[in-house]
Amino acid sequence: TTMGPLSEHPMQCVCSRCGALIVTRTEKEAGVVTWLLCGGLILIGCWLCCCFIPFCIDGAKVREKF
């Protein structure tokens, strides 16, 4: 069976192999955009810890689906 699009919120699904009821989860990790934002902040003068702000913002990260 095919599954519809996943969202970033947990969803209940039925495993197509064993028929067990499962709950999906998503995690976000730093991707290219996060590193580019960090580099951009360094270039405009945010040297200290300010350049690492994109690593704390979920919107700047890539969503992985599980």
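Here is a chat about how a few labels on this predicted model are earned.

User: Before we start, what should I know about the numbering and the model?
Analyst: Residues are numbered from 1 along each chain as its sequence is written, and side-chain values use heavy atoms, with hydrogens and water left out. The model is predicted, so local features need pLDDT of at least 70 and side-chain atom pairs count only at pLDDT 80 or more, while totals for chains, interfaces and linings use all residues.

User: How many helices and strands are there, and what makes something a helix or a strand?
Analyst: Both are DSSP runs, numbered from the N terminus: a helix is H or I with at least four residues, and a strand is E with at least two. By that rule the chain has one helix and four strands. Going from the N terminus, the order is β-β-β-α-β.

User: Why is Thr34 called buried?
Analyst: Buried means under 20% relative accessible area, exposed means over 50%, and partly exposed is in between (1.4 Å probe, protein chains only). Thr34 has 0% relative accessibility, so it counts as buried. You'll find Thr34 in helix α1, residues 32-43. Across the whole chain of 66 residues, 12% count as buried.

User: What does Thr34 touch, and how do you know that those are contacts?
Analyst: A contact means heavy atoms within 4.5 Å. Leaving aside residues up to four places away in sequence, Thr34 touches Pro54, Phe55, Ala60 and Lys61. Take Lys61: Thr34 and Lys61 are 27 residues apart in sequence, yet their C-alpha atoms are 6.0 Å apart in space.

User: What makes the link from Thr34 to Ala60 a polar contact?
Analyst: You need a pair of N or O atoms within 3.5 Å; within protein, one must be able to donate a hydrogen and the other to accept it, and residues adjacent in sequence count only if both atoms are side-chain atoms. The side chain of Thr34 reaches the backbone oxygen of Ala60 at 2.3 Å, so the distance fits the cut-off of 3.5 Å.

User: Why isn't there a disulfide between Cys18 and Cys15?
Analyst: A disulfide is a pair of cysteine sulfur atoms within 2.5 Å. The closest cysteine sulfur to that of Cys18 is in Cys15, 3.7 Å away, so that's too far for a bond. Cys18 itself is exposed, because its relative accessible area is 58%.

User: And what about Cys38: bonded or too far?
Analyst: Too far again, because its closest cysteine sulfur, in Cys51, is 4.2 Å away. Cys38 counts as buried, since its relative accessibility is 5%. The total for disulfides comes to zero.

User: Where is Cys46, and why is it called partly exposed?
Analyst: Cys46 is in the loop between α1 and β4. Its relative accessibility is 22%, so it counts as partly exposed. Cys46 touches Leu41 and Cys51, not counting residues up to four places away in sequence.

User: How do you know that Glu27 and Arg25 form a salt bridge?
Analyst: A salt bridge is a side-chain nitrogen of Lys or Arg within 4 Å of a carboxyl oxygen of Asp or Glu. For Glu27 and Arg25, the closest N and O atoms are 2.2 Å apart, so the pair passes the 4 Å test. Side chains of opposite charge can pair when their charged atoms come close. A search of the whole structure finds one salt bridge. Glu27 is partly exposed because its relative accessible area is 37%, and Arg25 counts as partly exposed at 46%.

User: Where is Ile57, and why is it partly exposed?
Analyst: Ile57 is in the loop between α1 and β4, the strand at 62-65. At 44% relative accessibility, it counts as partly exposed. The C-alpha atoms of Ile57 and Lys28 are separated by 9.8 Å, with their positions 29 residues apart along the chain.
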